[in-house]
Amino acid sequence: QIVKYRLIEEGNMYLLDLDNSEVSVIPREGFSGIFHPHGVSIYQTEDNRTFLYIVNHQNLGMPDQVLIFEFKNEKLYHVKTIEDDKFVSLNGIIASGEHSFYVSNDVGYKRDDWRNLASALVRPLSNASV
């Protein structure tokens, strides 16, 4: 029997102070959706603005997303949410510019029984999108 899972707890992004090993939640502004971060990439512009590109897994049955936040004053400010039919089962993300990124799907199926079966059978169904 294949067991379905449900994401319940809200996720967060954290900031680690390397001087004193303190960890704190980074507050988010402008985003009120379900937040389950997975892959993360950081992009810094020539004018020293910092953006986080985050793969977001919503609850089962909901589409995966790429969330873009600007990091300033120790807060994340939501810039954009991107959903696309090519985002089947997002895994990794690499920011390649202020408005561009690469993502990978770890399998060719959405998060459901078929995906679990494909993973169990170790089928080569991954891909990358721009």
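**Close-up views of a predicted model**

**View 1. Asn 56 reaches the backbone of Ile 34.** A polar atom of the Asn 56 side chain lies 2.8 Å from the backbone oxygen of Ile 34. This is a predicted model. The side chain of Asn 56 has a second partner to look for: it makes a polar contact with the side chain of Gln 65, also listed at 2.8 Å. Asn 56 belongs to strand S5, which covers residues 50-56. Is Asn 56 buried or exposed? Its relative accessibility is 0%, so Asn 56 counts as buried. The cut-off for buried is under 20%.

**View 2. The whole chain, for orientation.** How many helices and strands does the protein chain have? It has one helix and ten strands. Read from the N terminus, the order is β-β-β-β-β-β-β-β-β-α-β. The helix thus sits between the ninth and the tenth strand in that order. The chain has 130 residues, and 32% of them count as buried. Asn 56, from the view above, is one of the buried residues.

**View 3. A nonpolar patch lies on the surface.** Which residues make this patch? They are Tyr 14, Leu 16, Leu 18, Val 23 and Val 25. Together they form a nonpolar surface patch of about 540 Å². Now look at the strands. Strand S1 spans residues 14-17, and S1 and S2 each supply at least two residues of the patch. Tyr 14 is found in strand S1.

**View 4. A negative patch includes Glu 22.** Four residues form this negative surface patch: Asp 17, Asp 19, Glu 22 and Glu 74. Focus on Glu 22. It is found in strand S2, residues 22-25. Strand S2 also supplies residues to the nonpolar patch. Is Glu 22 buried or exposed? Its relative accessibility is 51%, so Glu 22 counts as exposed. The cut-off for exposed is over 50%.

**View 5. Pro 37 and Asn 12 come together in space.** Along the chain, Pro 37 and Asn 12 are 25 residues apart. What separates their C-alpha atoms in the model? The separation is 7.1 Å. Pro 37 lies in strand S4, which runs over residues 37-44. With 26% relative accessibility, Pro 37 counts as partly exposed. That label applies because 26% falls between the cut-offs for buried and exposed, under 20% and over 50%.

Key: Residues numbered from 1 in each chain as written. Predicted model: local features only at pLDDT ≥ 70, side-chain atom pairs only at ≥ 80, totals over all residues. Heavy atoms only, no water. Patch = residues over 30% accessible without salt bridge, like charges linked within 9 Å, V, L, I, M, F, W, Y side chains within 5 Å. Areas by Shrake-Rupley, 256 points an atom, 1.4 Å probe, with all protein chains shown as cover. Salt bridge = Lys/Arg side-chain N within 4 Å of Asp/Glu carboxyl O. Lys, Arg positive; Asp, Glu negative; His and termini not counted. Charge placed at Lys NZ, Arg CZ, Asp CG, Glu CD. Helix = DSSP H or I, 4+ residues; strand = E, 2+ residues; numbered from the N terminus. Buried < 20%, exposed > 50% of the residue type's maximum accessible area, 1.4 Å probe, protein only. Polar contact = N/O pair within 3.5 Å; in protein donor to acceptor, adjacent residues only side chain to side chain.
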